[in-house]
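Me: I'm new to reading protein models and would like a close look at a single part. Could you take me through one helix and its surroundings, step by step?

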Amino acid sequence: MHTRATSVKVEMTSSEHNPKSESDIRVFVRRKRSRKPQDMTENIVKVEPQDHKLNSLPDIEEFAYKKPNINLPQRKLKPIFNNNSKTEVKPPSNWVKVLEGIREMRSLEDAPVDSMGCEKAGNSLPPKERRFAVLISSLLSSQTKDNVTHGAIQRLLDNNLLKPEMIDNADESTIKDLIYPVGFYTRKAANMKKIAKISLLNYDGDIPDTLEALLSLPGIGPKMAHLVMNIAWNNVQGICVDTHVHRICNRLGWVSQTKTPEETREALQMWLPKEEWVPINPLLVGFGQTICTPLRPSCSLCSVNGLCPSAFREATPKKTSRTKTKRSES
């Protein structure tokens, strides 16, 4: 009995001397349990800004092209020349026949690109002024039809605003009014002012004569840079690939399902002879404007549909009369 009483007293004494011991333990357990949700909340808050950055709007040129990052060493701005390539790329079968057939269909030169393309800008101007006109025309052509770009260039020319010194002195609002309704005309007007300033400060009113320098200009992407190099400087460093060339080359099977025009350019240059690099752009652009259109191409009018792996897959469906449909249903 004495032993039991002693043990009881010891337990009571311990609880009396430490009345907060149980509550301390409970508080400790609660804190330990609450740490996990707090840590999870903090992690969620930290991740959100990174996700938001990934959803930022792309550049104008990135709607159609993925602009190369000149800060990354693996994305060097060097054209791919099939003549210097160590690996041989086999050209697609029947590509010569297909190209000849497209040339025959384009012999009338009745597409918008034939009379209103960027290479037509400033034909009557002196060489230095024409180079600047071709650059501005290329800038305005992004996400814009040829006839709209041509109209904007004509209005700039009529108002003597197709020279770098005149653009530099003009109000941005005036430029916006003249180039409207080209796509993204507000941003393009701002880029025109920046390009004019760079032209005056760095090139004595002229334009850059290298691919890298052209790509450093605001609003200028690979398609535009190659076009300007070909037309303004007669320096062929690559194929000018826009959405028409990109689409048609994939439809013809000339490239292996490339996702961007820049990928198409690189793949096409691996096998297409260099003498075809300049004429291939207006040839396919006009073909894409008249027959091989983006939506519902006119495959029945195409003379090379027998050699095209995509023929009639996206063509305009045949119209069926309502009377025949009603009879079949009845």
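Reply: Let's begin just after helix α12, where G253 takes a positive phi of about 80°. Keep in mind that this is a predicted model.

Now step back into the helix itself. α12 covers residues 243-252. At its start, a side-chain oxygen of D242 reaches to within 3.2 Å of the backbone nitrogen of H244. So you now have a landmark for each end: D242 at the start, and G253 just after the helix.

How many of the ten residues of α12 are buried? Nine of them are, so the helix is largely enclosed by the rest of the structure. The buried ones are H244, V245, H246, R247, I248, C249, N250, R251 and L252. A residue is called buried when its relative accessible area is under 20%. What lies over these residues? The cover includes α3 (95-105), α13 and α14 (280-290).

Let's take one of those covering helices, α13, and see how α12 meets it. Two packed helices are described by the angle between their axes and the distance between the axes. For α12 and α13 (residues 261-269), the angle is about 60° and the axes are 9 Å apart. The two helices are therefore oblique to each other, and α12 passes α13 in a left-handed crossing. On the α12 side, the contact is made by V245, H246, C249 and N250, while α13 brings in P261, T264 and L268. Sorted by class, the residues in this contact are four nonpolar and three polar, with no charged ones.

There is a nice pattern to look for in that list. An α-helix has 3.6 residues a turn, so residues three or four places apart point the same way. With this in mind, find V245 and C249 in the structure, then H246 and N250; these four residues form the α12 side of the contact with α13.

For another example of packing, look at α5 (127-141) and α6 (146-158). Their axes are also 9 Å apart, and the angle is about 135°. That makes α5 oblique to α6, and their crossing is right-handed. Here A133, I136, S137, L140 and S141 of α5 meet T149, A152, I153 and L156 of α6. By class, this contact has six nonpolar residues, three polar and no charged.

How values were computed. Residues are numbered from 1 along each chain as its sequence is written. This is a predicted model: local features need pLDDT of at least 70, side-chain atom pairs count only at pLDDT 80 or more; totals for chains, interfaces and linings use all residues. Side-chain values use heavy atoms; hydrogens and water are left out. Axes are lines fitted to C-alpha atoms, for helices over the stretch in contact, and angles run from 0 to 180 degrees between N-to-C directions. Angles under 35 degrees count as roughly parallel, over 145 as roughly antiparallel, 65 to 115 as roughly perpendicular and the rest as oblique. A crossing is left-handed if the near helix is turned anticlockwise from the far one by less than a right angle, and right-handed if clockwise. Contact means heavy atoms within 4.5 Å. Ala, Val, Leu, Ile, Met, Phe, Trp, Tyr, Cys and Pro count as nonpolar, Asp, Glu, Lys and Arg as charged, and the others, Gly among them, as polar. Buried means under 20% relative accessible area, exposed over 50%, partly exposed in between (1.4 Å probe, protein chains only). A polar contact is a pair of N or O atoms within 3.5 Å; within protein, one must be able to donate a hydrogen and the other to accept it, and residues adjacent in sequence count only if both atoms are side-chain atoms.
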